[in-house]
Amino acid sequence: MAYLEVHHAGAVRLVPLTGALLTVGRAPTNELSIDSKNVSRLHAVLERFQPGWSIRDLGSTNGTTVNGAPLRHTRRLHDGDRIEIGPARLLLHLPAERHTTQTVTTEPAPPLPPLTRRERDVLNVLCRPLITGGQAFPEPPSVRELAAELGLSDSAVKKHLTNLFDKFGLTTNDDRRRPRLASEAVRRGVFTALGGNG
């Protein structure tokens, strides 16, 4: 059975996806109610269609992200997708999708941009928690942690990150850019290019 693993306020709950529609929001009338001022009364909706599940933001104040990327339009969901709504983090489990043999045509990920050796080092450390971490929502290291591990100054790490944000097209200046950079680098096969995840 498909279900959501909901992480919020230090607790984890499982919400089964049994109907054709699941509304998410602050109001207690939603199938999934999230008690937070950062969540709109009716925030987002998950809908089941014949091919699978999709998610749509319902004009919420603070938005919805899927795998670290802001949700702009209705988006098809896949097993293991991470959804963030306010302070809540939702991990989607679609067991049937893991065992399907159906071939689905998807847009290939863009190739990695040209990277310097130091940029590759930064990405290697930045992305490691996504590959090796056992957490559902691993956070990439901070600038200070990156600097300490790589033996660089904070300002040098910031310069490399700024170059990487530009190369990966992450132009918005917000505090989620490091997680989005890590997700995008993994999606584009950074660990294949680096020769494994170590």
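**Notebook: strand β11 and its surroundings**

I began with strand β11, which is mostly covered, since five of its six residues are buried. I note at the outset that the model is predicted, and that the protein averages a pLDDT of 83, with 81% of the residues scoring at least 70. Over residues 101-106 the pLDDT falls below 50, and I found that this stretch has zero contacts in the model beyond near neighbours in sequence. Residues 193-198 also stay under 50, although there the model has seven contacts beyond four places in sequence. Where pLDDT is low, the predicted coordinates should not be read in detail.

**Overall counts**

I looked up the general make-up next: the protein has six helices and 11 strands, and buried residues make up 39% of its 198 residues. Among contacts between residues at least 6 apart in sequence, 44% join residues at least 24 apart.

**Partners of β11**

I then asked which strands pair with β11. On the one hand, β10 pairs with β11 in the antiparallel sense over four bridges; on the other, β1 and β11 are also antiparallel, with five bridges between them. For the register I recorded that I85 stands opposite A88 in β11, while the bridge partner of H7 in β11 is R89. The strands β10 and β11 form a hairpin with two residues between them, and in its turn G86 has a positive phi of about 60°.

Following β1 onwards, I found that strand β1 (residues 3-8) is joined by six bridges to strand β2 (residues 11-16), and that these two run antiparallel. Within this pair V6 stands opposite R13 in β2. The hairpin of β1 and β2 likewise has two residues between the strands, and A9 there takes a positive phi near 55°.

**A88**

A88 has its place in strand β11, which covers residues 88-93. Buried or exposed, I asked of A88? A88 counts as buried because its relative accessible area is 0%, and the cut-off for buried is under 20%. Not counting residues up to four places away in sequence, A88 touches H7, H8, I34 and I83. I also checked A88 against A9, the residue with positive phi in the hairpin of β1 and β2: their C-alpha atoms are separated by 7.7 Å, although the two residues are 79 apart along the chain.

**D81**

I turned to D81, which lies in the loop between β9 (75-76) and β10 (82-85). Leaving aside its neighbours within four places in sequence, D81 is in contact with V66, N67, R76, L90, L91 and L92. What is the nearest side chain of opposite charge to D81? It is R75, 5.0 Å away, and D81 is buried yet has no salt bridge. A polar atom of the D81 side chain does, however, lie 2.7 Å from the backbone nitrogen of H78.

**The sheet that holds β9**

Since R75 belongs to β9, I looked up where that strand sits. Five strands form an open sheet in the order β4-β3-β5-β6-β9, with mixed pairing. The edge strands are β4 (32-33) and β9, each of which pairs on one side only. The pairing of β9 with strand β6 (residues 52-57) is antiparallel and runs over two bridges, and in it R75 is the bridge partner of I55. My entry for R75 therefore holds two items: R75 is the bridge partner of I55, and its side chain is 5.0 Å from D81.

Notes. Residues numbered from 1 in each chain as written. Predicted model: local features only at pLDDT ≥ 70, side-chain atom pairs only at ≥ 80, totals over all residues. Heavy atoms only, no water. pLDDT = per-residue confidence, 0-100. Contact = heavy atoms within 4.5 Å. Buried < 20%, exposed > 50% of the residue type's maximum accessible area, 1.4 Å probe, protein only. Lys, Arg positive; Asp, Glu negative; His and termini not counted. Salt bridge = Lys/Arg side-chain N within 4 Å of Asp/Glu carboxyl O. Polar contact = N/O pair within 3.5 Å; in protein donor to acceptor, adjacent residues only side chain to side chain. Pairing = 2+ DSSP bridges.
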